[in-house]
Amino acid sequence: MKTYSIFFYLLFLMAMQVEVQAQNKENSRGRVTIPLEHGSDHPGRRTDDAMDHWRSHGLGQFIHWGMYSIPGGEWNNKTYTGASEWIRSWKDMPNADYDNLYKQFNPKGFDARQWARMAKEMGAGYMVFTTKHHDGFCMWPSKYTDYTVANTPYKKDIVKQVVDAYTAEGIDVHLYFSVMDWNQGGWLYQYPKTDEERAKWEGFKQFTRNQIFELLENYPQIKGLWFDGTWDNSWVSECEFAHELEREIRTKHPDIIIGSRFRPDEFGNRQYDANGDLIGDYDQSWERDIPTSIEQLNGNDWDCGMTIAENGWGYTKNPTSYVKTPYELISMISECNSMGGNFVLNFGPDGNGAMPPREVHIAAEIGRWMKTNGTAIRGVDPVTDIRKQGWGFMTKKGDKLYLHVYNKPLNNVLRIEFGRKTYVPGVVKMLGGMPLQVTDAGRNKRNSRLFNIHLPEGAGANGPFVIEMQLIDNTGENDAYQQAHT
Ligand code: FHN
């Protein structure tokens, strides 16, 4: 009797397994996955030209500009220590005060062409501009709300000026859009429960859809939409609506690039679906953060939006937190690109449209570095077949390897290690400088080939530098070398 039960139980388990296998499929990484209606639309990276172009930028500029730029983190002689663009949520600033700021918005110092030139000089290939942050204020004359630039003393369309000026400089524009909107009564944090809430929420969804299409209609030359404010339960419960909306956006603008923040899957997962596949075209979860290894990215495209101050994105009159140095930011550009990510540095102009001098200085210093070394940032690939080395980061383009040096050895001899049967160095030179002498430094216990690059005396005097090394294929090396057994 007991034997029969075990037999039938095993039979049952086998039948269940066949059933599960019939339902499941393998995803791009060969894992068994569950079927999802609102999961990733294209497991694996997009391979079209528009995405290749985005990937090639290496460096971008983010701009947060809105009504929060007027108080700049201060109100009634008090300082808000949170992110300045969130000042409306601070108890010391009444909502009514904030919501009336637009009546004084008249940025006489705003010149989009000047911003675009600054970004160009910095070496940015694309920019992301806040059309509407969480406060709901529209920097374009939206016909779906009165809370827009058209009703300020300034009146003119700011988004248009930004899109035109940057496009004229050859810089791609992506538009930031916050779904969460503190100005619209219909916005809810929780999924609606009552009929009244449901009606409001449905109205808000249509409003959001209308505004997104209005942006696409008004500024067809944009290359991407950068969504934000999508973390609350209300939106996270809208997988079907958001997915359909994304499909509609892509139908209207087939090349458009949309990150992983826009829509959830049916289990409420954001950024990555229940199968671990990326939702959207690139991973937007590395905000103010950099992965410690390329493996963490699972082969996905990604960007790193970074603040200059510790936290805030909007203009801050007197930053109370640490402000990053150009050196630190340049190092982040190298680090992100060494793992295939775009680094997007944020700027926060003041209420009059002027870039804070400390940020102008940072852009200029980055630009100075990019002029000499930009070729090691733009259009490069991450390096996955050469062991990480202690002096800095590596990127590569074709047969050129770029060594981004941040820790210069005190003896002026930079050591590079190539795994067994991979590469040996060809011509080696400093970017923007002279050829460098390279000598063979034997092998280590792993049978890796070691080479010494002899640096000139003043290397590094002006900050981090990049060495360009031609890679010569060494896979066919006759490997008769025998080390002592250990
Ligand atoms: O809350 C916002 C924040 O103010 C800023 O806009 C950043 C930019 O990526 N996004 C949100 C936080 O993730």
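Here are some questions and answers about the ligand site and the cavities of this predicted model.

User: Let's start with the ligand. How many nonpolar residues are in the shell around it?

Analyst: The residues around the ligand include His64, Tyr176, Asp228 and Arg261. Trp86, Trp226, Trp231 and Trp313 are also among them. Sorted by class, the shell has 3 polar residues, 4 charged ones, and a nonpolar group that numbers 5.

User: How far is a polar side-chain atom of Glu85 from an oxygen atom of the ligand?

Analyst: A polar contact here is a pair of N or O atoms within 3.5 Å. Trp86 has a side-chain N or O atom 2.9 Å from a ligand oxygen, and for Glu287 that kind of distance is 2.7 Å. For the polar side-chain atom of Glu85, the distance to a ligand oxygen is 2.5 Å.

User: Thanks. What share of the ligand's area does the protein bury?

Analyst: Glu287 has a side-chain N or O atom 2.7 Å from an oxygen of the ligand. Taken alone, the ligand would expose 330 Å², and the share of that buried by the protein is 90%.

User: Now the empty spaces. How many cavities of 30 Å³ or more are there, and what is the volume of the largest?

Analyst: Rolling a probe the size of a water molecule over the atoms shows where empty space is left. With the cut-off at 30 Å³ or more, the count is 2 cavities. The largest holds about 50 Å³.

User: Which class has 5 residues in the lining of that largest cavity?

Analyst: The lining includes Ser40, His42, Asn300, Arg45, Asp281, Asp301 and Leu278. Gly44 and Gly280 belong to it as well, and Gly counts as polar in this scheme. The tally is 1 nonpolar and 3 charged, and the class with 5 residues is polar.

User: And the second largest cavity, how many charged residues line it?

Analyst: This cavity has a volume of about 30 Å³. Its lining includes Trp65, Met67, Tyr68, Phe137 and Met139, along with Lys132 and Asp135. His133 is in this lining and also sits around the ligand. The classes split into 5 nonpolar, 4 polar, and a charged count of 2.

User: One last thing: is Met139 buried or exposed?

Analyst: Met139 is in the loop between strand 6 (126–132) and helix 5 (158–168), and it helps line the second largest cavity. Its C-alpha atom is 15 Å from that of Val179, 40 residues apart along the chain. Buried means under 20% relative accessible area. Met139 has a value of 1%, so it is buried.

Key: Residues numbered from 1 in each chain as written. Predicted model: local features only at pLDDT ≥ 70, side-chain atom pairs only at ≥ 80, totals over all residues. Heavy atoms only, no water. Near = heavy atom within 4 Å. Polar contact = N/O pair within 3.5 Å; in protein donor to acceptor, adjacent residues only side chain to side chain. Areas by Shrake-Rupley, 256 points an atom, 1.4 Å probe, with all protein chains shown as cover. 1 Å grid on protein atoms, 1.4 Å probe; cavity = no way out; pocket = protein on both sides within 12 Å on 5 of 7 lines; lining within 4 Å. Points joined across faces, edges and corners; volume = space filled by probe spheres on them. Helix = DSSP H or I, 4+ residues; strand = E, 2+ residues; numbered from the N terminus. Buried < 20%, exposed > 50% of the residue type's maximum accessible area, 1.4 Å probe, protein only.
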